[in-house]
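Me: I am in my first year and would like to learn how to read a protein structure slowly and carefully. Could we go through one together, question by question?

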Amino acid sequence: IEGFEDLAFLFASNQLSHGIASLQLNEAALLYRLARRAPEEGALAEIGRFKGGSTLLLASALPAGAELWSYDLHVAIRPDLSGPQLDSELRTALERYGLTDCVHLVVGDSRTAEPPPRPCYLVFVDGDHTYEGARADYERWSTLVAPGGHFLFHDAVDSGGYGNVYPGISRLVDEIARDDRRFERQPDAG
């Protein structure tokens, strides 16, 4: 994978078959750009990976020495989409593209699992879509973001069309923008 354009296979043409990544193109481009700009030896964290589309996207953009920790509980949405099966397919893809050395697939609760050994340049939250779950991830992980780093929530903004929006996530993002001066809200993607 030489650039973002080589990741077109992650996407499909409609919401019913979102392919491997359930991201809008501008969301994927933002994640790719941020991962590409991570410092050498930088750490990134992804909360929730499902099929691993965003995992592969982030890993493919990482500079030499940077690493991604991806946390997932392996909650099966359907019997044919079990966590172990999806992780096996993701590992095969990571091996195929030479990305296994920079990705740590952690099966465990993001609220209690061991975090990366250094502050995170980027934390991408796309796990528990309830207000309580996202708030718990925020409370734990916001203190682990490196100065100048980024904290992103997926499905927080109603884009008026394709994609999901979860009211609890939107509420949390509004509260953070209002109450937490450690972070500056940027224009929304998606």
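The questions and answers below go through strands, a helix, salt bridges, a loop and the surface of this predicted model.

Me: How many of the residues of strand E1 (residues 43–47) are buried?

Reply: A residue counts as buried when its relative accessible area is under 20%, and in E1 this can be checked on each face of the strand. Ala 43, Ala 45 and Ile 47 are buried on one side, while Leu 44 and Glu 46 are buried on the other. The strand is therefore largely enclosed by the rest of the structure, and the count of its buried residues is five of the five.

Me: In E2, which residue is the bridge partner of Glu 46?

Reply: Strand E1 pairs with strand E2 (residues 67–72) in the parallel sense, and the pairing runs over five bridges. E2 is covered on both faces, with Glu 67, Trp 69 and Tyr 71 buried on one side and Leu 68, Ser 70 and Asp 72 buried on the other. Within this pairing, the bridge partner of Glu 46 is Ser 70.

Me: Against which elements do the buried residues of H4 pack?

Reply: Helix H4 covers residues 131–141, and its buried residues are Tyr 131, Gly 133, Ala 134, Asp 137, Tyr 138 and Trp 141. The elements that these buried residues of H4 pack against are E1, E2, strand E4 (120–125), E5 and H5.

Me: Why does the salt bridge of Asp 87 and Arg 49 tie together parts that are apart in sequence, and how many residues apart are they?

Reply: Side chains of opposite charge can pair when their charged atoms come close. The side chains of Asp 87 and Arg 49 meet in a salt bridge with an N to O distance of 2.8 Å. Because Asp 87 lies in helix H3 (residues 83–96) and Arg 49 in the loop between E1 and H2, the pair ties together parts whose separation in sequence is 38 residues. As for their surroundings, Arg 49 counts as buried at 3% relative accessibility, and Asp 87 is also buried, with a relative accessible area of 2%.

Me: Which residues are linked with Arg 111 in a network of salt bridges?

Reply: One salt bridge joins the side chains of Arg 111 and Asp 137, at 4.0 Å from N to O. This pair links distant parts of the chain, since Arg 111 is in the loop between strand E3 (103–107) and E4, whereas Asp 137 is in helix H4, 26 residues apart. Arg 111 counts as partly exposed at 29% relative accessibility, while Asp 137 is buried. In the network, the residues linked with Arg 111 are Asp 109, Asp 128 and Asp 137.

Me: How far apart in space are Asp 155 and Val 165, C-alpha to C-alpha?

Reply: Asp 155 has its place in the loop between strand E5 (145–153) and helix H5 (167–179), and Asp 155 is buried, with a relative accessible area of 9%. Among the residues that Asp 155 touches are Asp 126, His 129 and Val 165. Although Asp 155 and Val 165 are ten residues apart in sequence, their C-alpha distance in space is 4.5 Å.

Me: What is the accessible area, together, of the nonpolar patch that Ile 1, Phe 9 and Ile 20 form on the surface?

Reply: Phe 9 is in the segment before helix H1 (25–36), and Phe 9 is partly exposed, with a relative accessible area of 38%. Together with Ile 1 and Ile 20, Phe 9 forms a nonpolar surface patch whose accessible area is about 230 Å².

Notes. Residues are numbered from 1 along each chain as its sequence is written. This is a predicted model: local features need pLDDT of at least 70, side-chain atom pairs count only at pLDDT 80 or more; totals for chains, interfaces and linings use all residues. Side-chain values use heavy atoms; hydrogens and water are left out. Patches are made of residues with over 30% relative accessible area and no salt bridge: like charges are joined within 9 Å, nonpolar side chains (Val, Leu, Ile, Met, Phe, Trp, Tyr) within 5 Å. Accessible areas come from the Shrake-Rupley method with a 1.4 Å probe; for residues, only the protein chains shown count as cover. Helices (H or I, at least four residues) and strands (E, at least two) are DSSP runs, numbered from the N terminus. Buried means under 20% relative accessible area, exposed over 50%, partly exposed in between (1.4 Å probe, protein chains only). Contact means heavy atoms within 4.5 Å. Two strands pair if DSSP finds at least two bridges between them. Lists of a residue's contacts leave out its neighbours within four places in sequence.
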